[in-house]
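Me: I would like a close look at a single part of this model, with the reasoning spelled out, and then an account of how that part sits within its surroundings.

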Amino acid sequence: MQKPESHDTARIGVYICHCGSNIAGAVDCEAVAAYARTLPGVIHARDQGYTCSEPGQAQIKQDIREFGLNRIVVASCSPRLHEPTFRKCVSEAGLNPYLMEMANIREQCSWVHSLDREGATTKARDLVRSAVARARLLDVRTELEVPVRRSTLVIGGGVAGIQAALDLADAGYPVVLVEKQPSIGGIMAQLDKTFPTMDCSI
Amino acid sequence: MTDAGRHPRITLLTQSEVKEITGFVGNFHVKVLKRARYVKEKECTACGDCATVCPVVVPDEFNVGLSSRRAIYSPFPQAVPSSYAVDINHCLGHNPIICGKCIEKCSKRCIDFNMNDEELSFDVGTIIVATGMEPFDPKALDEYGYTRYENVLTSMEFERLINAGGPTHGHVIRLTDRKIPRSVAFIQCVGSRSPQRGHPYCSNICCMNTVKSAIMLKEHYPEIEVKVFYIDIRAFGKGFEDLFRRSKGMGVRYIRGLPGSVRQDAAGQDMVLTVENTATNELETYRAEMVILAVGLEPPAEMKHIQEMLALQKTSDGFYLEAHPKLQPVDSASRGIFFAGCAEGPKDIKDSVTQASAAAARAMRLMNPGSLTVEAITAEVDEELCTACGLCAKVCPYKAITVDVKARVPAKVTEASCSGCGTCSAECPVGAIRMNHFTDEQIEAQIDAILAEEPQKQVLVFACNWCSYAGADFAGVSRLSYSSANRLIRTMCSGRIHEKFIWRAFEKGAPVVLVSGCHIGDCHYINANHFTERRIKRVWKKMEKLGLRRERLGLEWISAAEGIRFQKVMDDMENLRRTVTPDEIEATQQILLNERTKATRK
């Protein structure tokens with residue numbers, strides 16, 4: 001088993017995104033950034049208008065080089081939305097993508113506590129503290145490359161299934177089209193004319 | 001359709017059902033049950049001689065029961081494959097004493113009763129789910145009298161009546177007297193836009209389908225009176241408003257209000273509709289010789305099987321949930337699986353085709369490079385610590401762990417098969433399994449950090465990536481506001497939550513803890529959340545034994561579509577938190593400290 005690398009050398013950069021007024025409207029982003037600077041391991045923290053924007057990402061990359069950062073925390077939207085974006089960003093600056101951690105202060109904070117600025121700001125601080133604590137312990141990870149079969153199963157032979165199967169097959173991919181009825185065509189085949197052009201369905 | 005039937009790269013499996021799908025993106029293993037057709041598909045010329053001698057007559061599904069077919073039949077003239085099929089449930093069989101007439105009649109000898117159902121296995125890289133929809137069945141809406149009155153039809157039945165290839169060759173006749181009706185009334189939103197009477201959502205296509213049908217009626221029979229009863233006409237698409245206007249120009253009358261009752265007149269022919277006209281505020285009565293119910297669309301019943309096989313999620317409407325409503329509208333949350341057509345929600349042909357092409361392009365994008373990288377979130381065993389007890393192998397939903405209990409050979413994880421739920425790591429009694437990127441140390445550091453400041457004010461929540469965390473995101477996107485006391489810790493699966501995380505949280509002064517995951521049966525990792533449930537029940541028992549209030553540990557299943565439920569659970573947890581006094585927290589900490597001391601002494 002690979003031994004986890006030493007974590008006491010973590011040099012963390014924290015980025016608090018305003019997302020225009022999406023986050024800044026409910027969270028005091030400057031205060032959260034100032035708070036982040038006090039956390040152990042944090043070398044650099046700043047708040048930004050849009051962290052996902054080109055200038056926002058360029059700033060992270062520049063800071064990684066300038067401050068020798070080796071862990072990045074982005075406090076912005078859900079990792080389900082932008083984790084791939086920021087993983088790519090840090091890897092472009094030479095950092096392993098798994099050394100980036102996100103704190104969700106938009107979907108799970110500013111958007112749901114918009115009338116409670118104090119509560120939202122406290123929560124954002126806590127989420128950043130949690131993300132920084134986790135970031136300190138993140139390890140370098142290497143993704144496994146697996147082969148992809150170049151073929152597709154299409155379930156359902158209605159108009160959508162037929163179209164998808166044809167597009168794939170025309171592009172050179174083998175397709176298996178599975179239909180439970182004795183014929184493909186689905187509901188569309190039962191229609192006479194179709195709107196808005198009043199042409200025949202089959 | 002014919003293009004799909006004869007494309008050299010499309011294998012068409014009709015009368016077939018997907019039975020099992022295992023594996024993961026890039027390498028799905030598929031099992032399909034292909035039912036016997038009893039007619040050699042490639043040899044049948046669809047001459048139809050066999051059907052002329054078949055003595056069995058059954059209702060024709062394609063014409064929604066408005067005509068009949070034989071037990072050996074072609075579903076419709078343009079069917080693909082262009083081959084007859086035996087409806088084995090109605091066929092009398094091939095015993096020459098009883099029947100077997102079709103076999104004699106077929107000069108090409110392509111009827112074969114020795115055919116068997118086949119199970120086919122193959123591997124694919126990607127899957128497109130295009131399982132479609134079903135028209136709503138209006139029988140339950142008693143006020144419209146469907147099936148009670150023969151002259152009340154559904155829009156599907158009307159579609160077959162006006163179709164030149166249909167049972168009446170395109171003549172719209174009413175069923176009671178076979179006469180062309182002089183007046184037809186359409187009733188909109190049947191089964192749509194009403195939580196009590198069908199479904200709460202708009203079925204998207206019925207307004208325009210009615211506009212189309214009304215124009216067709218006017219074109220066929222210029223003298224016919226057509227009335228449409230509606231809530232509002234949704235003609236939002238390209239060319240839709242033009243068509244709507246054209247129908248008005250042709251004399252179609254639109255009356256704002258849905259009839260409260262549809263009755264047959266005393267003569268037993270014409271229908272009488274009573275409606276509150278919301279444009280005039282009058283209670284009005286109309287007569288029509290035929291009534292058409294513009295039925296909505298609903299998810300087909302068999303969707304459930306595919307949903308469970310592929311661990312897909314549904315919206316509250318029952319259609320499949322996309323990975324992101326705007327940015328990934330044809331992707332499922334599971335990589336390599338895409339949606340096309342009404343499987344994802346009611347839509348018209350143009351949108352279905354657009355979405356199908358999008359899904360095909362998304363699939364190609366994934367397959368084209370020939371390989372892909374999988375997230376490096378996999379489990380690893382420390383062989384020195386492993387006691388080869390075998391518990392991890394028992395709980396692994398992917399059978400990715402091998403361990404020889406008898407020979408005491410330590411457990412080994414096959415990285416390519418591991419999906420990263422972390423159930424093994426949570427189950428290991430000696431801490432020998434390291435769940436990479438969601439290690440014990442990382443999760444504990446988050447618990448400690450969250451509870452480092454004013455722990456008594458915090459609601460600590462463990463949320464799984466695919467359902468409850470996504471449900472929280474959905475609450476955010478929907479701007480549902482709730483108490484700000486909660487702090488979420490994301491793990492890939494609720495199965496990752498080790499008992500010790502919960503105890504640690506209480507030791508650090510957490511007033512309440514919530515573990516949340518996908519609904520049982522919807523787990524993204526097959527059945528890993530069964531082990532979550534088992535584990536939490538175990539902790540509850542221990543809490544009771546130690547004299548702790550067990551409700552301070554919550555377990556909730558919240559799906560990715562249940563933003564409202566997430567909101568409610570958060571508010572409930574906050575209300576619960578308020579009942580926990582500082583004394584109670586301190587007492588808990590003391591009890592757990594004593595337990596720990598006892599355990600160390602042992």
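How many residues of domain 1 of chain B are in contact with domain 2 of chain B, and how many residues of domain 2 answer them?

Reply: The model is a predicted one, and in it 13 residues of domain 1 of chain B are in contact with 15 residues of domain 2 of chain B. Strand 2 (residues 16–24) of chain B supplies the largest share of the domain 1 side, with 3 residues, and by class that side divides into 8 nonpolar, 4 polar and 1 charged residues. The C-alpha centres of the two domains, domain 1 and domain 2 of chain B, lie 29 Å apart. The domain assignment places domain 1 at 2–125 and domain 2 at 126–368, followed by domain 3 at 375–437 and domain 4 at 450–601.

Domain 2 is assigned from residue 126, and strand 9 of chain B covers residues 126–129. What do the side chains of this strand do? B:Thr126 and B:Ile128 point one way from strand 9, B:Ile127 and B:Val129 point the other way, and all are buried. This fits a general pattern, in which the side chains of a regular strand alternate between the two faces of the sheet. Within chain B, strand 9 pairs in the parallel sense with strand 20 (residues 337–339) over 3 bridges, and B:Ile127 has B:Ile337 as its bridge partner there. Strand 9 of chain B is also joined, by 4 bridges and again in parallel, to strand 6 (residues 152–155) of chain A, where A:Leu153 has B:Ile127 as its bridge partner. B:Ile127 is thus a bridge partner of B:Ile337 in its own chain and of A:Leu153 in chain A.

A further pairing between the chains involves domain 1, since strand 1 of chain B spans residues 10–13 and domain 1 is assigned to 2–125. Strand 7 (residues 175–178) of chain A and this strand 1 pair in the parallel sense over 4 bridges, with A:Val176 standing opposite B:Thr11. Taken over the whole interface, 107 residues of chain B are in contact with 81 residues of chain A. Helix 8 (residues 349–367) of chain B gives the most to the chain B side, with 12 residues, and that side is made up of 56 nonpolar, 31 polar and 20 charged residues.

The wider setting is a chain with 16 helices and 29 strands, whose C-alpha trace spans about 95 × 70 × 45 Å along its principal axes. Of the 602 residues of chain B, 47% count as buried, and among its contacts between residues at least 6 apart in sequence, 68% join residues at least 24 apart.

Domain 4 offers a second piece of architecture, within the assigned range 450–601. An open sheet of 4 strands in chain B has the order 27-26-28-29, with parallel pairing. Strand 27 (486–491) and strand 29 (553–557) each have a single partner strand, so one side of each is left without a neighbour in the sheet. The twist of this sheet averages 20° from one strand to the next. Strand 26 (residues 459–464) and strand 28 (residues 512–517) of chain B are joined by 5 bridges, and B:Val461 of chain B has B:Leu514 as its bridge partner in strand 28. Helix 12 (residues 468–477) of chain B packs on the sheet, touching strands 26, 27 and 28, and its direction makes about 110° with that of strand 26.

Helix 12 also meets helix 15 (residues 563–578) of chain B, their axes coming within 7 Å and crossing at roughly 95°, and the two helices are therefore roughly perpendicular to each other. The contact is made by B:Ser468, B:Gly471, B:Ala472, B:Phe474 and B:Ala475 on helix 12 and by B:Gly563, B:Arg565, B:Phe566 and B:Gln567 on helix 15; by class it has 4 nonpolar, 4 polar and 1 charged residues.

Some backbone details deserve a check as well. The peptide bond from B:Val80 to B:Pro81 is cis, with omega near 0°, and B:Pro81 lies in the loop between strand 6 (72–73) and strand 7 (85–86) of chain B. B:Asn281 has a positive phi, near 60°, in the loop between strand 16 (271–277) and strand 17 (282–288) of chain B, and B:Asn281 counts as exposed because it has 8 C-beta neighbours inside 10 Å.

Notes. Residues numbered from 1 in each chain as written. Chains lettered and ligands numbered in written order. Predicted model: local features only at pLDDT ≥ 70, side-chain atom pairs only at ≥ 80, totals over all residues. Pairing = 2+ DSSP bridges. Axes fitted to C-alpha atoms, helices over the stretch in contact; angles between N-to-C directions. Contact = placed C-beta atoms within 7 Å. Nonpolar A, V, L, I, M, F, W, Y, C, P; charged D, E, K, R; others polar. Domains from an automatic or database assignment. Buried ≥ 20, exposed ≤ 12 C-beta atoms within 10 Å, placed from the backbone. Parallel < 35°, antiparallel > 145°, perpendicular 65-115°, else oblique.
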